[in-house]
Amino acid sequence: RCLLKMVKENIVIPEEILSFCCNGFQGSTSPPCSQDPGEREEAAGAMASPSHPRNPTEVQMSQLVLPCHTNHRGELSIGQLLKWIDTAACLSAERHAGCPCVTASMDDIYFEHTISVGQVVNIKAKVNRAFNSSMEVGIQVSYEDLCSGKHYSICKAYATFVAHSSSGNKVTLKPLIPQTEEEKIEHSIAAERRRMRLVHKDTLKDLLTRSPRETELETRDGSVAVPAEKTRVESVELVLPPHANHQGNTFGGQIMAWMENVATIAASRLCHAHPTLRAIEMFHFRGPSQVGDRLVLKAIVNNAFKNSMEVGVCAEAYGQEMSISRRHINSAFMTFVVLDQEGRPRSLPMLAPEQGDGERRYREASARKKIRLDRKYVVSCKQTEVPLSVPWDQSNKVYLSYNNVSALKMLVAKANWALAREKEKVQMYTLEEDKFLSFRIEMSVRISASQAFSLLSDLRRRHEWDSHYLSAELVQQVDDDDMIYHVVSQTLSSENKLQDFVILASRRKPCSKGDPYVVAFRSVTLPTHPATASFTRGETICSGFCIWPESEEMSKVAYYNQATPGYLNYVTTNVAGLSSNFCATFEACEKFLLKNKEDDLIVRLQSL
């Protein structure tokens with residue numbers, strides 16, 4: 001353009017410039033500045049367009065964690081992280097809408113790691129799907145260690161934004177067309193997540209209606225209940241221009257940060273330690289607040305579980321006139337843990353709820369815990385599209401038996417089991433992994449390990465202690481250690497039909513001292529027993545018993561199960577304390593073992 005301008009203005013162009021331009025256009029002469037070929041290639045690669053077209057709504061943010069962003073432990077404050085997340089998500093939403101957007105809600109967030117000073121937080125946000133006037137924005141958060149160059153995932157979040165015109169009216173959004181496979185998956189699932197958000201309140205109400213109304217407090221050795229009133233916190237904040245966006249409305253991330261602050265104080269008053277925020281229940285903004293508003297933030301511990309606690313927080317706004325009633329801005333529920341020196345959650349003191357509203361919040365916290373587990377551990381689409389069971393035949397019987405036992409042993413060997421419930425002699429543990437929720441129930445029984453192994457490995461007798469089992473037929477005796485059963489049980493869903501399973505039971509005696517007796521179960525398919533219209537075919541991924549001898553007459557009996565979709569609701573109801581069916585069933589198992597141990601001994605002596 002400069003050369004054309006010089007020509008039009010009849011300016012004499014130096015011969016050297018003409019020569020350089022002509023040679024440069026022909027590609028025969030290098031630029032006048034010296035540059036290493038490797039540096040040129042690296043620069044070209046950095047400027048090259050990505051192999052896949054970039055989502056036009058994608059926003060990337062990188063923030064260096066400074067001391068002013070951290071808490072007393074030198075770790076990034078979750079409140080600061082929430083402000084960054086909200087900002088990136090809002091910018092992504094506005095790219096698609098082409099107008100100002102406000103935060104409507106934020107789904108559950110689970111924080112996997114803490115971030116230290118000097119590390120870099122990388123946030124990527126993009127619109128997954130646009131509905132009528134709202135849109136879902138997916139946010140991925142990771143951190144980068146500049147010294148090692150390694151990246152670690154922090155959390156994944158989903159936020160809902162609403163577009164507003166300059167006059168404040170809602171804007172009808174244009175549809176978003178996904179391009180890549182990942183975008184198409186997120187686009188499809190976004191509709192299900194939206195449905196889940198809309199029925200969230202109804203789900204909670206229905207769960208509370210079907211659960212016992214009595215508030216059942218757990219018993220913990222040496223623990224004194226802390227009155228919930230002692231954890232109550234109230235604080236006020238004045239909304240200033242730095243706290244607001246370009247519309248004058250308070251940043252959603254700023255409100256979330258203030259709420260996290262008072263929630264942390266409430267949690268500290270229960271445990272008398274510095275808690276760590278592990279998860280945030282869905283945020284829902286009921287209305288806006290503006291510069292000049294006074295925000296009143298209230299927090300109280302709703303329920304203290306074995307190693308986690310739920311804190312309820314609400315934000316209310318009012319102007320200069322105190323006579324005007326306060327506006328409810330937001331409510332949220334945050335889950336905290338207290339970590340020991342090895343980074344494991346510590347046991348927490350019990351909470352004594354206040355009568356009336358305190359007992360209601362206590363029960364609702366248990367219900368929300370169950371709902372969180374349900375939402376977090378929904379099995380992926382790929383697993384629900386294919387059967388969990390594997391066809392059994394003579395050619396693969398050795399492999400299936402090995403796979404059955406090794407899967408249970410691997411589940412037993414997991415290190416992150418957490419005590420979830422404790423009732424008398426029965427203890428219930430949970431293991432939370434990426435897409436699965438597993439549980440184990442254990443207790444000590446006055447019976448030898450070999451006798452317990454003999455009684456529990458025969459599924460034909462399980463109906464004597466497990467009320468869900470109606471019958472079990474031995475279909476095939478594969479060998480001394482492997483049997484295939486056809487089991488009929490009561491259904492755990494709302495369907496009226498009974499449920500049936502085809503289960504491979506694999507037994508193993510201890511190989512050496514310290515090894516347990518193992519009885520492993522998994523679903524298989526048999527051509528002689530196909531699924532029929534008379535039953536709902538159920539499947540189990542991995543379950544079974546492990547029995548450890550504690551003495552000649554005492555054994556520790558533990559039952560493990562990796563929950564399948566049809567079983568998940570039943571599991572989370574018991575984990576959250578809304579049902580004691582697991583404990584009652586295991587107590588019935590103990591009575592069965594004690595009642596039949598002498599008969600079993602006689603039978604085994606006769607066989608010898």
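Analyst: Two residues are in contact when heavy atoms of theirs lie within 4.5 Å. We are looking at a predicted model, in which local features need pLDDT of at least 70 and side-chain atom pairs count only at pLDDT 80 or more, while totals for chains, interfaces and linings use all residues. Residues are numbered from 1 along each chain as its sequence is written, and side-chain values use heavy atoms, with hydrogens and water left out.

User: Thanks! Which residues does Gln-63 touch, leaving aside its neighbours within four places in sequence?

Analyst: Gln-63 is in contact with Trp-84, Gln-119, Val-120 and Val-121 once those neighbours are set aside. Gln-63 belongs to strand S1, residues 59–64; helices (H or I, at least four residues) and strands (E, at least two) are DSSP runs, numbered from the N terminus. Tyr-143 is 80 residues from Gln-63 in sequence, with 9.3 Å between their C-alpha atoms.

User: What makes Gln-63 buried, exposed or something in between?

Analyst: Buried means under 20% relative accessible area, exposed means over 50%, and partly exposed is what lies in between (1.4 Å probe, protein chains only). Gln-63 has 25% relative accessibility, so it counts as partly exposed.

User: And how do you know which class Asn-303 falls into?

Analyst: Asn-303 has a relative accessibility of 2%, so it goes into the buried class. This residue sits in strand S11, residues 294–304. Setting aside neighbours within four places in sequence, its contacts include Ser-308, Met-309, Leu-351 and Tyr-362.

User: What makes the link from the Asn-303 side chain to Tyr-362 a polar contact?

Analyst: A polar contact is a pair of N or O atoms within 3.5 Å; within protein, one must be able to donate a hydrogen and the other to accept it, and residues adjacent in sequence count only if both atoms are side-chain atoms. The Asn-303 side chain comes to 3.1 Å from the backbone oxygen of Tyr-362, so the distance meets that limit.

User: Why is helix H11 described as largely enclosed?

Analyst: H11 covers residues 449–456, and six of its eight residues are buried, so the rest of the structure largely encloses it. Those six are Ala-449, Gln-451, Ala-452, Phe-453, Leu-455 and Leu-456. Across the protein chain, 48% of the 608 residues are buried.

User: How do you know which strands pair with S22?

Analyst: Two strands pair if DSSP finds at least two bridges between them. S21 (residues 498–508) has six bridges to S22 and runs antiparallel to it, with Ala-505 opposite Phe-521. S24 (residues 542–549) is joined to S22 by five bridges, again antiparallel, and there Ala-520 faces Gly-544. S15 (residues 390–391) has two bridges to S22 and runs parallel, with Val-390 opposite Val-524. Each of these pairings therefore satisfies the rule.

User: What makes S22 a mostly covered strand?

Analyst: S22 spans residues 517–525, and eight of its nine residues are buried. One of its residues, Phe-521, has 3% relative accessibility and thus counts as buried.

User: How many aromatic pairs turn up in the whole structure, and why is the one between Phe-521 and Phe-545 given its particular class?

Analyst: The search finds eight aromatic pairs. Rings of Phe, Tyr and Trp (its six-membered ring) pair if their centres lie within 6.5 Å; planes under 30 degrees apart are stacked, over 60 edge-to-face, and the rest tilted. Phe-521 and Phe-545 have ring centres 6.4 Å apart and planes at 85°, so the pair is edge-to-face. Phe-521 in S22 and Phe-545 in S24 are 24 residues apart, so this pair links distant parts of the chain.

User: What class does the pair of Phe-545 and Tyr-559 fall into?

Analyst: Phe-545 and Tyr-559 form a tilted pair, at 5.0 Å centre to centre and 50° between the planes. Tyr-559 is in strand S25 (residues 555–562), 14 residues from Phe-545. Both residues are buried, with Phe-545 at 0% and Tyr-559 at 9%. Ring pairs join these two with Phe-439, Trp-465, Phe-521 and Phe-582 in a cluster.

User: Last one: how many disulfides are there?

Analyst: A disulfide is a pair of cysteine sulfur atoms within 2.5 Å, and the count by that rule is zero. Among the cysteines, Cys-147 is exposed at 80% relative accessible area, whereas Cys-271 is buried at 9%.
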